[in-house]
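The exercises below are meant to be worked with the sequence and the coordinates side by side. Each task is followed by a solution that goes step by step.

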Amino acid sequence: MSVLSGNQPEGTPTWIELRTPDRERALPFYQALFGWEFEPYPTGDADGSVCLLRGRPVAGIVPDADRTDAVWTMYFATDDCDDAARRVTRAGGRLIEAPADLADHARTAVAVDAVGARFGLWQGLSRLGSEIVNEPDSLVRNDLVTPDPEPARAFYAALFGFTLDGNDEVPELDFTFLRRPDGHEIGGIVGSADVPTSAWGTLFAVADTDAVAARATESGGSSTEPEDTPYARMSAVTDPSGGVFSVGTAP
């Protein structure tokens, strides 16, 4: 069990948020998959929901009428959101939402990196971000998949001082580990010519991948056939509004 009691170190994935054109379909779908409960977002906007696991926040769901498809956004922890936002532009990225306060909970921004992948910045104030991670029904991992991995590697090394390591366990895969300056792995970059655009993926831990994949289909979404990988039994899931994520059960 991983329950956080303090802000994550700089550069660690710390919050995830779904922007969706159809909140009314999203809430029952994610409740069916993960057993989440919901409370209003701290802005006072009753349409936004904080997703709770055992009473602790693990994600957010926010309506966005301007979107045609839902999208999950991963937020990196930062000690200074404004300074990190300036580093984004210096490293070759672009801000799409300037730093702003989310009530007294956090100071946040949203950006795209040097290869066009969307991500956020989260300076925790009264709220740490996702308070439960690395256990069933919570966030376990984020990896960037891109057809152009070299600029992506340079961008995140410049932004957070990540060191870059290859993966000898899967030599056929163009994969680079991203590590904080203290050596802790926070995710990776997958180079793939098969993907049309760059995007950060979100992986939720689950107790039974096959059961969750079946519930996704029953609840109005879709899922791929679960398959075993060297690290987990996994399935790619699409929610009723097109939001894509993965679920996995560790061996």
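A residue counts as buried when its relative accessible area is under 20%, and as exposed when that area is over 50%. The model used throughout is a predicted one.

**Exercise 1. Cysteines and burial**

Task: decide whether C81 is buried or exposed, do the same for C51, and state how many disulfides the structure holds.

Solution. Begin with C81, whose relative accessible area is 0%, so that it falls under the 20% cut-off and is buried. Next take C51, which also counts as buried, at 0% relative accessibility. Finally, turn to the sulfur pairs: the number of disulfides in the structure is 0.

**Exercise 2. The overall fold**

Task: establish how many helices and strands the protein has, and find what radius of gyration a compact globule with 251 residues would have.

Solution. Counting the secondary structure first, one finds 4 helices together with 19 strands. For the overall dimensions, the C-alpha trace spans about 45 × 40 × 35 Å along its principal axes. A compact globule with 251 residues would have a radius of gyration near 18 Å, and the protein, at 17 Å, agrees with this. As for the interior, 51% of the 251 residues are buried. The last step concerns contacts between residues at least 6 apart in sequence, of which 60% join residues at least 24 apart.

**Exercise 3. Helix 1 and one of its residues**

Task: compare the span of helix 1 with the expected value, and then describe the surroundings of A26.

Solution. Helix 1 covers residues 23-34, and at 1.5 Å a residue its 12 residues should span 16 Å, which agrees with the 16 Å between its end C-alpha atoms. Its buried residues are R23, A26, L27, F29, Y30, L33 and F34. After the helix comes G35, which has a positive phi near 75°.

Within helix 1 lies A26, which is buried with a relative accessible area of 4%. Leaving aside residues up to four places away in sequence, A26 touches L18, T20 and I61. A26 can also be set against G243, since the two are 217 residues apart in sequence, yet their C-alpha atoms are 9.4 Å apart in space.

**Exercise 4. The buried face of helix 3**

Task: identify which residues of helix 3 are buried, and work out where they fall when seen down the helix axis.

Solution. Helix 3 runs over residues 149-160 and has 12 residues; from its first C-alpha to its last it reaches 17 Å, close to the expected 16 Å. The buried residues in helix 3 are P149, A152, R153, F155, Y156, L159 and F160. Seen down the axis, these buried residues fall within an arc of 165°, so they line one face of helix 3. Just after the helix, G161 takes a positive phi of about 70°.

**Exercise 5. Two enclosed strands**

Task: for strand 6 and then for strand 15, find how many residues are buried, and trace which strands pair with each.

Solution. In strand 6 (residues 71-77), 6 of the 7 residues are buried, so this strand is largely enclosed by the rest of the structure. Strand 2 (residues 13-20) runs antiparallel to strand 6 and is joined to it by 6 bridges, with I16 having M74 as its bridge partner. Strand 9 (residues 118-124) runs parallel to strand 6, and 3 bridges join them; here F76 stands opposite L121.

In strand 15 (residues 199-205), 5 of the 7 residues are buried, so this strand too is largely enclosed by the rest of the structure. Strand 11 (residues 138-146) pairs with strand 15 in the antiparallel sense over 7 bridges, and V145 stands opposite A199. Strand 19 (residues 244-249) runs parallel to strand 15, the two being joined by 3 bridges, and L203 has S246 as its bridge partner.

**Exercise 6. Positive phi outside glycine**

Task: locate R54 and D137, and give the phi value of each.

Solution. R54 is in the loop between strand 4 (49-53) and strand 5 (56-63), and its phi is positive, near 55°, although R54 is a residue other than glycine. D137 is in the loop between strand 10 (132-133) and strand 11; D137 is not a glycine either, and has a positive phi of about 75°. To finish with burial, D137 has a relative accessibility of 19% and counts as buried, because the cut-off is under 20%.

Methods. Residues numbered from 1 in each chain as written. Predicted model: local features only at pLDDT ≥ 70, side-chain atom pairs only at ≥ 80, totals over all residues. Heavy atoms only, no water. Expected span 1.5 Å × (residues − 1). Buried < 20%, exposed > 50% of the residue type's maximum accessible area, 1.4 Å probe, protein only. Arc of directions from axis to C-beta. Contact = heavy atoms within 4.5 Å. Disulfide = S-S within 2.5 Å. Pairing = 2+ DSSP bridges. Rg over C-alpha atoms; globule rule 2.2 N^0.38 Å.
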